Amino acid sequence: MEAATTKSPTAANSESLNAPALVAGLRSYFSSGTSADLSWRRRQLMRLRDMLVENEARFIDALHSDLHKAPQEVFTTEISVVRGDIDNALKNLKRWSRIRRAATPLVAQPGKSYIQPEPLGVVLIIGAWNYPLQLLLSPLVPAIAAGNCAVVKPSELAPATSGLIAELLPRYLDRDAFACVEGEVAETTALLEQRWDHILYTGGGQVGKIVMTAAARHLTPVTLELGGKSPCIVADDADIDVTARRIAWGKFTNAGQTCIAPDYLLCTRATAERLLPAIEACVREMFGSNPRDSADYGRIVNDRHTRRIAAYIGDGEVAFGGQMDMGARYIAPTVLRKVPVESAVMQEEIFGPVLPVVELEHIGEAEQFVNRRDKPLALYLFTRDDGVTKRILAQCSAGNVCINDCMMFMAAHELPFGGVGPSGMGAYHGEHGFKTFSHFKAVMKRSYKFDLSVRYAPFSAAKMRLLRLLR
C-alpha cells in the first residue's frame, strides 16, 4: 500500500467539519487533473480492496456490533460484494473509459465524431445503516473508476462500522481526493448545502425528498436508491421446497432489514397451505427452533425500529414466529396470514423479519394487485411457466426482477441496480455505475478543407435543393 498524502483531512465530525472548505479542497485537487489518470484510478481501487482484505476481521466485528451479523453473512452480503465490484471495475476500466466513435453526417464531412467519457467532479455518497459497508463503498467504486473525488457519509445508526471506515479510509485512499464525514442530521445538512457534481443517496423516501430538494438548489443530478414494498409472487406450479428455502433466505437475512427483501407474498390459498410450513421448516433449519439463540440470526438496528416492526405483528394472524425481546432488539422470523390489505403492514415498507401473506383466488390476480401500488424496488416470481413469467415481466414494472430466487441479481455485477418511480431513480453497479458518475462528452472535429457555402447566407433555391440531398 502506498502512503497517503496528508494535505487535507479525510475524516470529519461535528466538531471539525467545515463543509465549504472540505469541498473546496477536493474541488481544487480535482482541477489538478490527477484523478483523470487511469493509473491513479487503478491505484485507488486496489487500495480500497487492500483495506477490505487486510481489515476483514475488524469489519466482521464492527458489523456484528451494529447488527449482530454473522461472519459469513458479513462476507457474502457486504465484503465480497464490494470486492467483486472492485475486481470488475479493474478488469473493465480501460474499456469503460474508451472513446466511442459516432457517425458523422455527410454535411459535416470531412470530419469525425466521438463520445469522450469524463469524470463529473466532486460527488457525495450517503450510505445506509442496514448494509453500512456495502451501500457506502459499492457506489464509491464506480465514482473512483470514473475519476471523481468524493465525500462519503456513513450512517450514524451503525456507529462501529462508520467509525472503522472513518479510521481506515485515510490510511488507504488519497486524502486529497476522498473524505469521510461522520455525524448525524447536522452534518448531513451541512454537506447537502454544498454544491456537488452528483449525489447518490441510499435510504428512505422521506429523506430522499430532502436530498432531492437540496440538490435542486444547485441543479445537481441525483441517484436515489430508496425502497418500497417488494412483492413475491409464488405460482401454483413452483417448486415448493426450493422456493421456501430461497424466500426464507431472502426475507430473514439481516433480520429482514434489506431494501430488496420480499416485503409480502402473493399466492393462492392452496399454495399457501403447502408453502408456509415449508418456509417454517427452512427457518428452523437455518436458525434452529429458537432463532434468538442462533449466532447466525441478526438483530434490529435500534429500539425505535424494534417497536415499529413489533407493531406489525398485530396486523394479521401469526402462522409462525411472533416472539420478541424488545430489550435485546430481537424479533423472530414471522409469517402472517389473513392480513387486511389496508393494514399498516401492507401499506408501509416493513424492513424487518415479518412476512405478510395475501391469498388470491387465482395467481392471475397478482399483476393487478402489484400494479395498484407504487412501483417496487424488486419483484420476485417463482414459477416454471414461461408464459406466466412473460406476462408478469410485460405487465409489472419494478427496479429489479428475479425469477425463481431472491436478491441474487445483486451478484451480477453488470446488471444495473436501481429503483423506478417512488423506489428510486438512477442506477449503479458495473458499467452502469461508471456511467452514473461520468459525463459522456460529445465531440466533433472538422477539417478546414471543403468549407461548403451551402449553409451560409445568402440563401437560394439551389442551396435548398442541395441541403435536402445532404441532410
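Mentor: Before we start, note that a strand here is a DSSP run of E with at least two residues, and strands are numbered from the N terminus. The model is predicted. In it, glutamine 109 is found in the loop between β2 (100-102) and β3 (111-119).

Trainee: What makes glutamine 109 partly exposed?

Mentor: Its relative accessible area is 32%, and since buried means under 20% and exposed over 50%, that value falls in between, so glutamine 109 is called partly exposed.

Trainee: Which residues does glutamine 109 touch, not counting residues up to four places away in sequence?

Mentor: Glutamine 109 touches Thr104 and Arg446. The peptide bond from glutamine 109 to proline 110 is cis, with omega near -5°, and proline 110 also lies in the loop between β2 and β3. A cis peptide bond also joins alanine 457 and proline 458, with omega about 5°, and proline 458 has its place in the loop between β19 (438-446) and α16 (461-470).

Trainee: Why is α2 called roughly antiparallel to α5?

Mentor: Helix α2 (residues 38-54) and helix α5 (residues 134-145) pack at an angle of about 160°, with their axes 9 Å apart. Because angles over 145 degrees count as roughly antiparallel, that value gives α2 and α5 the label. The crossing of α2 and α5 is left-handed, and the contact is made by Arg41, Gln44, Leu45, Leu48, Met51 and Leu52 of α2 together with Leu137, Leu140, Val141, Ile144 and Ala145 of α5. By class, these residues of the contact of α2 with α5 are 9 nonpolar, 1 polar and 1 charged.

Trainee: What makes α2 and α6 oblique to each other?

Mentor: Helix α2 and helix α6 (residues 159-172) pack at an angle of about 135°, with their axes 9 Å apart. An angle of about 135° is neither under 35 degrees, nor from 65 to 115, nor over 145, so α2 and α6 count as oblique. The crossing of α2 and α6 is right-handed, with Arg47, Leu48, Asp50, Met51 and Glu54 of α2 meeting Leu168, Leu169 and Tyr172 of α6.

Trainee: How do you know that α3 and α4 are oblique to each other?

Mentor: The axes of helix α3 (residues 56-67) and helix α4 (residues 71-96) come within 10 Å and cross at roughly 120°. Roughly 120° lies outside the range of 65 to 115 and is not over 145, so α3 and α4 are described as oblique.

Trainee: Why is arginine 329 counted as partly exposed?

Mentor: Arginine 329 has 22% relative accessibility, and because buried requires a value under 20%, while exposed requires one over 50%, arginine 329 counts as partly exposed. Arginine 329 lies in the loop between β12 (324-325) and β13 (330-331), and has a positive phi of about 55° although it is not a glycine.

Trainee: What makes asparagine 404 partly exposed?

Mentor: The relative accessible area of asparagine 404 is 30%, which is not under 20% and not over 50%, so asparagine 404 is partly exposed. Asparagine 404 sits in the loop between β17 (400-403) and β18 (424-425), and its phi, near 65°, is a positive value in a residue other than glycine.

Key: Residues are numbered from 1 along each chain as its sequence is written. This is a predicted model: local features need pLDDT of at least 70, side-chain atom pairs count only at pLDDT 80 or more; totals for chains, interfaces and linings use all residues. Side-chain values use heavy atoms; hydrogens and water are left out. Axes are lines fitted to C-alpha atoms, for helices over the stretch in contact, and angles run from 0 to 180 degrees between N-to-C directions. Helices (H or I, at least four residues) and strands (E, at least two) are DSSP runs, numbered from the N terminus. A crossing is left-handed if the near helix is turned anticlockwise from the far one by less than a right angle, and right-handed if clockwise. Contact means heavy atoms within 4.5 Å. Ala, Val, Leu, Ile, Met, Phe, Trp, Tyr, Cys and Pro count as nonpolar, Asp, Glu, Lys and Arg as charged, and the others, Gly among them, as polar. Buried means under 20% relative accessible area, exposed over 50%, partly exposed in between (1.4 Å probe, protein chains only).
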